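Dear colleague,

I am passing on the structure below, together with some notes on what turned up in it. Please read them alongside the coordinates and tell me if anything is unclear.

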Amino acid sequence: TPITQGDWEATQLIGFDEKANVLFYLSTEGNYQNRSFYSIRIDGTKKTKLSKEDGTHQVNMSPDCQFY
């Protein structure tokens, strides 16, 4: 079963918080030229766009996924 769905690509997995069951990823959602930063629960709920501006983002995340 897919965690996300839509006419866009999840381009990079950034991290997985095992305690909270949350994935962090980059996606082309909204504009194929952008790479926006999102989080989503492993069950597909509570998707949140974490990047504030449009553009191509790179993310450095701490090993425990608490900081980026």
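There are two salt bridges in this model, which is a predicted one. In one of them, Lys 47 pairs with Glu 29, and the closest N and O atoms are 2.9 Å apart. Since Lys 47 belongs to the loop between strand 3 and strand 4 (48-49), while Glu 29 belongs to the loop between strand 2 (22-27) and strand 3, this pair ties together parts that are 18 residues apart in sequence. Both partners fall in the intermediate class of accessibility, because a residue is called partly exposed when its value lies between the limits of 20% and 50%: Lys 47 has a relative accessible area of 38%, and Glu 29 has one of 22%.

The side chains of Asp 54 and Lys 49 also meet in a salt bridge, with an N to O distance of 3.9 Å. Here Asp 54 counts as exposed, at 60% relative accessibility, whereas Lys 49 counts as partly exposed, at 35%.

Lys 49 comes up again in the surroundings of Ser 36, a residue that it touches. Ser 36 lies in strand 3, which covers residues 36-41, and with a relative accessibility of 1% Ser 36 counts as buried, because that value is under the 20% limit. Leaving aside residues up to four places away in sequence, the contacts of Ser 36 are Tyr 25, Leu 26, Ser 27, Lys 49, Ser 51, Gly 55 and His 57.

With best wishes

How values were computed. Residues numbered from 1 in each chain as written. Predicted model: local features only at pLDDT ≥ 70, side-chain atom pairs only at ≥ 80, totals over all residues. Heavy atoms only, no water. Helix = DSSP H or I, 4+ residues; strand = E, 2+ residues; numbered from the N terminus. Buried < 20%, exposed > 50% of the residue type's maximum accessible area, 1.4 Å probe, protein only. Contact = heavy atoms within 4.5 Å. Salt bridge = Lys/Arg side-chain N within 4 Å of Asp/Glu carboxyl O.
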